[in-house]
Structures are given as C-alpha cells and as structure tokens.
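Here is a short note to read alongside the model. Please keep the structure open and find each residue as it comes up.

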Amino acid sequence: MTTANIKKIGLGDYMIELLLKLEMSLWINETRGNYEYMNHVLHPDFIEFGRSGKTYIKEDILKDMEVDIKAVFPFPNLAVKQIEETTYLVTYISVLDRSGKKEYSNRSSIWIANEDQFKLIHHQGTPTKEIKQ
C-alpha cells in the first residue's frame with residue numbers, strides 16, 4: 001500500500017503503513033474471520049459503535065467470526081493522526097458492495113501501541129452518502 005495519497009499528520013511512512021495494514025486487515029475475510037488474529041488485535045477494552053447503531057465489545061466480535069465482507073478498496077479519505085505518544089487515530093470512508101449497491105460509512109479507529117504491538121481499542125462507523133472519488 002502506498003502512502004502517497006494518505007493524509008499524514010506528524011508520522012513517518014513506516015508507522016502509517018503499519019497502522020493502515022492493521023486497519024485494512026479488519027476488512028479482509030481471511031483476517032477478520034480468524035479468531036486468533038482478532039483476539040490478538042482487539043484490545044481487552046475494545047468497543048465499537050457500529051454503522052447499524054449497535055454497540056459491540058470484543059467478546060461480541062469474537063463470538064461472530066462468520067463474515068463475508070465485500071470491501072471496495074482503496075478506501076477514500078484515509079488519514080492517520082498521532083493523538084498521544086502511543087495513541088493513533090485512523091479515519092476514512094469505507095465502501096462496501098451490498099449486492100451491487102455501494103454502502104458508504106465514515107469510519108474512525110483508535111489504536112494503542114502496547115509494547116511492540118498495536119491494539120484496536122475503539123471503532124465507529126456512521127452511515128454517509130455516496131462520495132465522488
């Protein structure tokens with residue numbers, strides 16, 4: 001993944017690529033449907049405010065590992081911002097293919113660097129209108 005079209009706020013390319021690789025792994029069936037992977041990536045205090053309006057915690061995600069995500073990459077408006085020494089905000093618009101109809105959502109994730117790894121502690125999805133790419 002190139003960082004050429006990604007808004008960087010005070011971060012080097014390596015950190016941006018690492019965070020984006022982790023974020024995008026949540027949109028790929030092979031990793032999103034992998035219990036061990038998701039258990040490792042999600043922070044114990046993870047919480048998600050879903051696009052549907054539902055709230056999910058880590059245990060909810062790990063209970064429902066059957067996924068069929070049809071993400072349309074690349075996601076527009078990718079931005080990565082360091083908000084604390086070990087805390088990072090990733091924002092973008094997700095595009096999903098729902099039986100030929102595209103579904104758009106504003107997305108934000110908060111990642112925490114913990115020792116030599118990152119953990120996702122918060123994610124939010126909010127429906128939005130179609131965007132011009």
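1. In which loop does Glu115 lie? The model is a predicted one, and in it Glu115 belongs to the loop between β6 and β7. Its phi is positive, about 60°, although Glu115 is not a glycine. As a rule, most residues other than glycine have a negative phi. Glu115 also counts as exposed, because its relative accessibility is 75% and the cut-off for exposed is over 50%.

2. Asn77 can be read in the same way. This residue is not a glycine, yet its phi is positive at about 60°. Asn77 is placed in the loop between α4 and β4. With a relative accessible area of 55%, Asn77 is exposed.

3. The loop between α4 and β4 also holds Pro74. The peptide bond that runs from Phe73 to Pro74 is cis, and its omega is near -5°. For background, most peptide bonds are trans.

4. Next come the strands. β4 covers residues 79–84 and pairs with β5 in the antiparallel sense, over five bridges. To locate the pairing, start at Ala79, which stands opposite Thr91 in β5. The two strands form a hairpin, with two residues between them.

5. β5 also pairs with β6, again in the antiparallel sense, and here there are 12 bridges. A useful marker is Ser94, which stands opposite Ser105 in β6. The hairpin of β5 and β6 has two residues between the strands, and in this hairpin Ser99 takes a positive phi near 55°. When following the side chains, remember that in a regular strand they alternate between the two faces of the sheet.

6. How far apart are the end C-alpha atoms of helix α1? They are 18 Å apart. Helix α1 has 13 residues, 13–25, and at 1.5 Å a residue the expected span is 18 Å, so the two values agree. A student who multiplies 1.5 Å by the full number of residues will not get this value, because the expected span uses one less than the number of residues. The buried residues of α1 are Ile16, Leu19, Leu20, Leu22, Glu23, Met24 and Ser25.

7. The largest pocket has a volume of about 640 Å³. It is lined by 27 residues, and those closest to its centre are Arg32, Glu48, Tyr56, Ile61 and Ile69. Two or more lining residues come from each of these elements: β2 (42–49), α4 (58–63), β5 (87–98), β6 (101–114) and β7 (117–128). By type, the lining divides into 12 nonpolar, three polar and 12 charged residues.

8. Lys54 is worth a look as well. This residue is in the loop between β2 and β3 (55–57). Lys54 counts as exposed, at 52% relative accessibility. Leaving aside neighbours within four places in sequence, Lys54 is in contact with Glu48 and Phe49. Glu48 has already come up, as one of the residues closest to the centre of the largest pocket. The C-alpha atoms of Lys54 and Val41 are separated by 21 Å, and the two residues are 13 apart along the chain.

Methods
Residues are numbered from 1 along each chain as its sequence is written. This is a predicted model: local features need pLDDT of at least 70, side-chain atom pairs count only at pLDDT 80 or more; totals for chains, interfaces and linings use all residues. Side-chain values use heavy atoms; hydrogens and water are left out. On a 1 Å grid over the protein atoms alone, a cavity is a set of points where a 1.4 Å probe fits but cannot get out, and a pocket is an open set with protein on both sides within 12 Å along at least five of seven lines; lining residues have an atom within 4 Å of a point. Grid points are joined across faces, edges and corners, and a volume is the space filled by probe spheres set on the points. Helices (H or I, at least four residues) and strands (E, at least two) are DSSP runs, numbered from the N terminus. Ala, Val, Leu, Ile, Met, Phe, Trp, Tyr, Cys and Pro count as nonpolar, Asp, Glu, Lys and Arg as charged, and the others, Gly among them, as polar. Buried means under 20% relative accessible area, exposed over 50%, partly exposed in between (1.4 Å probe, protein chains only). Two strands pair if DSSP finds at least two bridges between them. Contact means heavy atoms within 4.5 Å.
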